[in-house]
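Me: Hi! I'm new to this one and would like a quick tour. Could you show it to me before we start?

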Amino acid sequence: AISTERQKMLIEGYTKQTPLSVAESRIQFAFENANSREPDWRSSVLPVDLCEHVRWSANMAQERFRTKEYGRFDGWVDQAANVQYVQKRFGPDRVFSPTALETYVACPFRFMMEHVLKLGELEEPSEGVEQTRRGSAYHRALSRLHKHLNGVDPQMAQAKLPDVVGTQLRDEIDIAVGEYAKRAPSLASRKLWELEGKRLHRSVTRYQGHWEDFLEPLRKNQTAPSPIHLEADFGFPSTEVAESFPALTISVDGVEVQLGGRIDRVDVAELEEGLGFWIIDYKTGRASNYTGSGLAQMEKLQLSLYALAVEKVFYAGQKARPLGLAYWLVTDTGPKQVMPKKTAWLDDPEKWAVFREQLEQWVAKLVSRIRLAQFPLAPRSEHCTDTCSFAQMCRIAQSRATGKEFDLQLPV
């Protein structure tokens, strides 16, 4: 008679039953050693190199999931050779972008993947109009619009805006969309760009009203600004734009950092003691996606560092200071001031000075950590895997419960 065994699940007894394949032998070998106080990584049935691989895997699991400190298997790659390599790549001559520093704040491990190892997703072929290209077309049209208006009347913002604003913007959008459509890879893509142009026409009718809403309260205190710098680069020389400035340099306690970027728009007003300016960043998304809390806490750095660059680089040697930072939702609600609240920087210049000092210290701290090759798996968001391209690589869902902490507290 053949003896029978009954079990509710196939995995029952898996580590104790007689192995029927090399794979089962390997699993039992790993299980026994992982649960032994004195593991023996030698086997009479498994190859020597396989036993070594299992031992390495066990060591990795131990360091990742059963210790409270970050190690070489979860981003803490501060060995001498790594530090030397990173310092060479990200030394004083390296020009950082604000978005790269934002990535480090959000998750140092992701910064390592994107900017140190230069990994990224392959682009999916698509016939659709990508949001970034749509935004670029709109940005180009707005830049050309304001350059044209400045040539017609540099003081246009001081009084009620003429109707030519809307008609001129529509013409510029048609030109920009046509330029992108001409470079489209297929007939279908070109047709989609034509449809996209018609969709953007609907937002054109609202732009003049949005600009009026932005200017009206500023005219009352005689600080209505005019668009002066449009798509201005600093730190990254470019032949695509008319204005290009040197990099912004921050020096704090012996740490020197260079920064660069492209500012969509800088509106400038004359004050009694000098110049005041607004940093405006165009967005084609919804207003609810852009708030000031990240800027205030310095999780988001782009607009703040743009303001610092305009003050220190664009108007070096002059009395100039920021009055506000705003996102301009061109296809939604228009301008949205995100910092400071109301006229705080206008009424009290010292508030910007305090924030600026904190900002410079924070940037120096971030870059110091980068140059020490400290890239731990320490995302700030509990929902980082929803949008991160490296979610399958980092396995944060497995290691979040270990309780490891990275000492990088937000400054405010």
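Me: Thanks! What span should the 13 residues of helix 1 have at 1.5 Å a residue?
Reply: Helix 1 (residues 22-34) should span 18 Å, and its end C-alpha atoms are 18 Å apart, which agrees. The expected span is 1.5 Å times one less than the number of residues. Helices here are DSSP runs of H or I with at least four residues, strands are runs of E with at least two, and both are numbered from the N terminus.

Me: Which residues are buried in helix 1?
Reply: Ser 25, Gln 28, Phe 29 and Asn 33 are the buried ones. Buried means under 20% relative accessible area, exposed means over 50%, and partly exposed is in between, using a 1.4 Å probe and protein chains only. Seen down the axis of helix 1, its buried residues fall within an arc of 125°, so they line one face of the helix. That arc is taken from the directions from the helix axis to the C-beta atoms. An α-helix has 3.6 residues a turn, so residues three or four places apart point the same way.

Me: What kind of model is this, and how are residues numbered?
Reply: It is a predicted model, where local features need pLDDT of at least 70 and side-chain atom pairs count only at pLDDT 80 or more, while totals for chains, interfaces and linings use all residues. Residues are numbered from 1 along each chain as its sequence is written, and side-chain values use heavy atoms, with hydrogens and water left out.

Me: New topic: how many cavities of 30 Å³ or more are there?
Reply: There is 1 cavity of that volume or more, and the largest cavity holds about 40 Å³ of space. On a 1 Å grid over the protein atoms alone, a cavity is a set of points where a 1.4 Å probe fits but cannot get out; a pocket is an open set with protein on both sides within 12 Å along at least five of seven lines, and lining residues have an atom within 4 Å of a point. Grid points are joined across faces, edges and corners, and a volume is the space filled by probe spheres set on the points.

Me: Which element gives the largest share of that cavity's lining?
Reply: Helix 6 does, with 3 residues. His 146, Trp 211 and Ser 226 are among the lining residues of the largest cavity.

Me: And what about the second largest pocket, how much space lies in it?
Reply: About 450 Å³. Of its 23 lining residues, the closest to the centre are Tyr 70, Ala 378, Pro 379, Lys 404 and Glu 405.

Me: How many disulfides are there?
Reply: The count is 0, with a disulfide being a pair of cysteine sulfur atoms within 2.5 Å. Cys 388 is in no disulfide, and the nearest cysteine sulfur, that of Cys 394, is 6.1 Å away.

Me: Is Cys 388 buried or exposed?
Reply: Cys 388 counts as buried because its relative accessibility is 18%. Cys 51 counts as buried too, at 4%.

Me: Last thing: where is the cis peptide bond?
Reply: A cis peptide bond joins Met 339 and Pro 340, with omega about -15°. Pro 340 sits in the loop between strand 9 (334-339) and helix 11 (344-347).

Me: And what is phi for Ala 373?
Reply: Phi of Ala 373 is about 60°, a positive value although Ala 373 is not a glycine. Ala 373 is in the loop between helix 12 and helix 13, and is buried, with a relative accessible area of 0%.
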